[in-house]
Every structure is written in structure tokens, then in C-alpha cells.
Amino acid sequence: MIGNSFSLCYHNKLILAPMVRVGTLPMRLLALDYGADIVYCEELIDLKMLQCKRVVNEVLSTVDFVAPDDRVVFRTCEREQSKVVFQMGTSDAERALAVARLVENDVAGIDVNMGCPKEYSTKGGMGAALLSDPDKIEEILSTLVKGTHRPVTCKIRILPSLEDTLNLVKRIERTGIAAIAVHGRKREERPQHPVSCEVIKAIAETLSIPVIANGGSHDHIQQYLDIEDFRQATAASSVMVARAAMWNPSIFLREGPRPLEEVMQKYIRYAIQYDNHYTNTKYCLCQMLHEQLESPQGRLLHAAQSSQDICEAFGLGAFYKEMTQKLDARRAELLARTPEKPEESAEDTSGVIKMAVKFDRRAYTPQITPKMCLLEWCRREKLAQPTYETVQRPVDRLFCSIVTVAEQKYQSTLWDKSKKLAEQAAAIVCLRSLGLPEGQLGEESPSFKRKREVPDQDPGGCIVQEPALPGEMCKKPFVVVESREESPLEGR
């Protein structure tokens, strides 16, 4: 048995709640800056995490958990290591333990989501679905407490009756967890329903472990002083703030919130510094502007299609350029430490038509991409579908792709940060070599009968980010990424 180290104290703390698509690294760091004591990451599903590889990212000075498709599922850094709690969605004790052991050296605590009422969580028996299975709750929590070095907590909702709620939390306490967070609403209730402070208070008076009160943003918490009022109303040890912190993370400041524009600019700086995917950055900023989305600033944000666009919309264009140059310099330094050996390249480049091009999504219509144009042209000409072979440099995890059309290979000489972007660049080289339209704005593009491809979008639900740029040094300078034929129906 592994002894559990209760290094994280849950008494009298201000806590950033776990929030899907919000609790990524930039928001967590911002909350810490403004006075939060503990920050939870968004719920991350056990099955997704178990596919991930832990990668030390020397370019960003982060630790990344990277999925097989090279998306960063969870990113953290030294600044938050003693403050961040990893929340997982799980319905299986062994999977939960495997995830905990994967991340425990990089986080301060492990939490199990037992309160999310959304279908994407409950349909797999996770989240609030666990509330109807106390045996499984006990198995998961007991396994984690016995098997991980970090303090274990869970976050629940209240049950229809007070008696059932108290029976459940007493059973949970007996598993040995360090604290319990209680959202004071039932599974079917939503923010417009009043939070049940009296039920949270009854739980706090029943248990000996810290109780963390949650759910007060709508009715109780509009400013810093309200957090303490909510704590007293619930008799809880600590308070976990969700939407009020999402709207303005400086709510944790004792002296009062900072102007929203200042907060948003600070958030954007963290997002660029830590290479946050622009769609996630844009989403979080929209939440902060929730009542001002129709303002001129809101319209500029809505139109943004890249991190650079977002920075320019908020007067941070110079910062974006400066930070991009700094990150590029770090990558170059890493590459200089491990010189490439062309003879070990995974692809024989003889006979390959090359151009130095990149795919800039701002130059193309959102619905049409070079890959779609090339695929449709091959169909009309009754040629085999284009095939892509992509290689990845482990030293900086950049990608380069070669597309084969009618037995001729085409390649961009510029490396890109994702497999998708590298493939688009290769398609551009082919189309330009053949004198074909590639879908640029203002260009006459071929008509498409099938569902259109949306380039490099962030899927809904679980948050994902652009691929990391880790600094782990590998013996071979290239890794072949499994090639895959693609049609517009796949929606990549």
C-alpha cells in the first residue's frame, strides 16, 4: 500500500472550481495571481488521459500530457504545482488509479467528478451518475486513497432528500478522502435554481473533514466579501467559485475586482506564453465578455480566427510578435543542441516538388481548405485519393508532410506545429504546382457536394490544445506519423 501524503490543506481556502473549457492553464494561473489558494483543472476523462504520454516541454517550461493525435490534453507548470488539483471523470476504480499515478508527480491533489449533470459525463456512468451507485463511489475513492501519494477529494451534488445526502457523505468520508466539495443543487437543477445553503451546512456539521461549498455564484457571490458570507451561510471550511470567477477571475482579490479589460489582457498574455489553442482562448474571453458580446470589443473577438487576431483585437499585437519571436528562439536553441541528420530522414526526398509555404487559415474561407480542393480535383480527374505521409521532429515536435498525387510527391519545406497544418501546406504545394485553385479568399473555388471540412477546429466538450513543443531529446531526429486518407466527411 502506498501512503497518502496530505500536503494540500483544504481549510479556509478560496478555490477556483473545475469548469469545462475554462479551467485550462491560463485561467488557473490568472486565478492564482488574483488570490485563489487552490485551482482545479477542468474535468478530464480517464480513458482519454490513459492514452496520453507525459512530455517535458522545454520550450514552454511546462509538463504536457499529449494524446496520440498530438493534442495536449493537460498542461501544467511549476508555478501551480503545489496548488493545482487534477479532476478526472471516471466510472472505474482501476482506471482512476492509473490516471492518478500518471499525473500525481505534477499536481497537488486528485479529485473525482461526481456532480456533473451533463450528458457527456453521465452517459459513461461518470459525474452525477455515480451518485446513484454508492458502492462504486466507495470503490473508486478507497482505491485512490490507498494507491496514490496525493490527497484525494470528490465533488458531488446533493440528493433529493437530506437523509440520503447525509448517508452518502458519511460513507464517502469513511473512504479516507481529504475533503469533499458540495454543489448545493440536485442533479436536475440548474443555475437559475436557488442553491441549498442549509443542506451544505448540514453536511459540514455532520462531517469531520473539510467541506467545500460550491454553487453560490448566481445567488450569493458577486464580489470578494460575498465569498465569506457564503462560507458562513454554509458553515463550510472553504468556498469553491465557478461562474463568478469565470466572468472575472479577480473576484478573489480582497481589495476588489480589477477592470475587466485589464483582466482579459492579462489572460491573453498567459494564453500566448503557454501556447493555448486560440479557440479555447476565444471561448474563455467570450465568457468574460458575457454581457458585452455585442460591444465593438466583442465583435472584434467574435471575428478573430487566430491567436494573433485575438491579440490585435485587444491591443497586444506587439506582445504577440515579441512572444512568438522568443518561443521561436527557444525552439532554435533546442534544435541547435541536436543537429539533424538528413540521411536518417524517414522519407526519400528525391523527386519531391518543394515550396516554402504555410497554411494561414486567415487567407482561406472557413468552409474550404486546400486539402478539400485537392481531393475534389482528384475525384473529377478519376485519380486515386491524395495520400499523406507526415514526419515529426521529436526535438520540437514540429511536423512536415508529403502528399502523393498521381505518383508525384509534393512537400512544404517549412515545419508546422500540427499534423493537420503540415498536410494543408503539402496540399498547397501540389495545387500551386498544378495551377489549381486552393480555396483562398476571393478565389473561385470548386463546388463541393459533400459535407465541408472545417480546418483544425477545437471539438466541443473536452478541451484540447495545439500540440506541445516538448524538449525531450530523442536519438532519432524524425518520427513517422501514421498516414491516413481523409475525406471531407471526417471533419478533421
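Is Ser-237 buried or exposed, going by its relative accessibility? Select Ser-237 and keep that question in mind while you set up the view.

**Before you start**

This is a predicted model, where local features need pLDDT of at least 70, side-chain atom pairs count only at pLDDT 80 or more, and totals for chains, interfaces and linings use all residues. Residues are numbered from 1 along each chain as its sequence is written, and side-chain values use heavy atoms, with hydrogens and water left out.

With everything shown, you are looking at 16 helices and 17 strands. Helices (H or I, at least four residues) and strands (E, at least two) are DSSP runs, numbered from the N terminus. Of the 492 residues, 57% are buried. Here buried means under 20% relative accessible area and exposed over 50%, with partly exposed in between (1.4 Å probe, protein chains only).

**Stop 1: Ser-237**

Back to the opening selection. Ser-237 counts as buried because its relative accessibility is 18%. You will find Ser-237 in the loop between helix 8 (224-234) and strand 12 (238-241). Now show what surrounds Ser-237: beyond residues up to four places away in sequence, Ser-237 touches Tyr-10, His-11, Asn-12, Lys-13, Pro-210, Val-211 and Arg-231. Contact means heavy atoms within 4.5 Å.

**Stop 2: strand 11**

Val-211 leads to the next selection, strand 11 (residues 211-214). In a regular strand the side chains alternate between the two faces of the sheet. Both faces of strand 11 are covered: on one side Val-211 and Ala-213 are buried, and on the other Ile-212 and Asn-214 are too. Add strand 10 (residues 179-183), which pairs with strand 11 in the parallel sense over 4 bridges. Two strands pair if DSSP finds at least two bridges between them. To see one of these bridges, pick Ile-180, whose partner in strand 11 is Val-211.

**Stop 3: the 4-5-6 sheet and helix 1**

Next, select strands 4, 5 and 6, an open sheet of 3 strands in the order 4-5-6 with antiparallel pairing. Strand 4 (53-57) and strand 6 (72-77) are the edge strands, each pairing on one side only. Ignoring direction, neighbouring strands of this sheet are turned by 25 degrees against each other on average. Strand 4 and strand 5 (residues 62-66) run antiparallel and are joined by 5 bridges; Val-56 has Val-63 in strand 5 as its bridge partner.

Bring in helix 1, which lies across strand 5 and strand 6 and runs at about 30 degrees to strand 6. Axes are lines fitted to C-alpha atoms, for helices over the stretch in contact, and angles run from 0 to 180 degrees between N-to-C directions.

**Stop 4: helix 1 against helix 10**

Two packed helices are described by the angle between their axes and the distance between the axes. For helix 1 (residues 25-33) and helix 10 (residues 260-273), the axes come within 9 Å and cross at roughly 130 degrees. That crossing makes helix 1 oblique to helix 10. Angles under 35 degrees count as roughly parallel, over 145 as roughly antiparallel, 65 to 115 as roughly perpendicular and the rest as oblique. Show the side chains of Pro-26, Met-27, Leu-29, Leu-30 and Asp-33 on helix 1, and of Val-263, Lys-266, Tyr-267, Tyr-270 and Ala-271 on helix 10, to see the residues that make the contact.

**Stop 5: helix 11**

Keep helix 1 and helix 10 visible and add helix 11 (residues 278-288), where 10 of the 11 residues are buried. Among those buried are Tyr-278, Cys-284, Leu-285 and Met-288. The elements covering them include helix 1, helix 9 (243-247), helix 10, helix 12 (296-303) and helix 13 (307-313).

**Stop 6: helix 15 and helix 16**

Move on to helix 15 (residues 370-380) and helix 16 (residues 419-434), whose axes come within 8 Å and cross at roughly 50 degrees. This makes helix 15 oblique to helix 16. Among the residues in the contact are Leu-374 and Trp-377 of helix 15 and Ala-427 and Leu-431 of helix 16.

**Stop 7: a loop with positive phi**

Finish at the loop between strand 15 (398-405) and strand 16 (408-412), where Ala-406 sits. Most residues other than glycine have a negative phi, and most peptide bonds are trans. Ala-406 has a positive phi, near 55 degrees, and is exposed, with a relative accessible area of 55%. Glu-407 is in the loop between strand 15 and strand 16. Its phi is positive, near 70 degrees, and Glu-407 counts as exposed at 79% relative accessibility.
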